[in-house]
Amino acid sequence: MRDRASLPRRPLPVEEWYPAGAPAVRARIIALQGGERVRVLESGAANAPAVLLLHGWGASAYGYRRLLPLLSDAHLHGIAPDL
């Protein structure tokens, strides 16, 4: 485990957020009808059967970092909104 002094003291830039470096997963921002914007992580082909992954309170779509590539490998379209 790294000690706290070696951790960055600034927020990560958006381009370094997960899925940076994960070729099977992509991120995009969608605008909802009311004007809210939601970051969505996706894996697999858009025309494949969809699997919607919804995290609970206090969590994030990062919790699906191991599952999203597996859905792609299974020829499914994984969709995980980062609420």
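1. Trp 17 lies in the segment that precedes β1. In this predicted model, the residue has a relative accessible area of 37%. Trp 17 is therefore classed as partly exposed, since that class covers values between the limit for buried, under 20%, and the limit for exposed, over 50%.

2. Together with Leu 12 and Val 14, Trp 17 makes a nonpolar surface patch of about 280 Å².

3. The sheet is open and consists of four strands, arranged in the order β1-β2-β4-β3 with mixed pairing. The edge positions are taken by β1 (25–31) and β3 (50–52); each has a single partner strand, so one side of each lacks a neighbour in the sheet. On average, and with direction ignored, neighbouring strands are turned by 25° against each other.

4. At one edge, β1 runs antiparallel to β2 (residues 37–43), and seven bridges join the two strands. Within this pairing, Val 25 has Ser 43 of β2 as its bridge partner. The two strands, β1 and β2, form a hairpin with five residues between them. Gly 35, located in the turn, has a positive phi of about 100°.

5. At the other edge, β3 runs parallel to β4 (residues 77–82), and the two are joined by three bridges. Here Ala 50 has His 77 of β4 as its bridge partner. Both arrangements belong to the general scheme, in which strands of a sheet pair through backbone hydrogen bonds, either parallel or antiparallel.

How values were computed: Residues are numbered from 1 along each chain as its sequence is written. This is a predicted model: local features need pLDDT of at least 70, side-chain atom pairs count only at pLDDT 80 or more; totals for chains, interfaces and linings use all residues. Side-chain values use heavy atoms; hydrogens and water are left out. Two strands pair if DSSP finds at least two bridges between them. Axes are lines fitted to C-alpha atoms, for helices over the stretch in contact, and angles run from 0 to 180 degrees between N-to-C directions. Patches are made of residues with over 30% relative accessible area and no salt bridge: like charges are joined within 9 Å, nonpolar side chains (Val, Leu, Ile, Met, Phe, Trp, Tyr) within 5 Å. Accessible areas come from the Shrake-Rupley method with a 1.4 Å probe; for residues, only the protein chains shown count as cover. A salt bridge is a side-chain nitrogen of Lys or Arg within 4 Å of a carboxyl oxygen of Asp or Glu. Buried means under 20% relative accessible area, exposed over 50%, partly exposed in between (1.4 Å probe, protein chains only).
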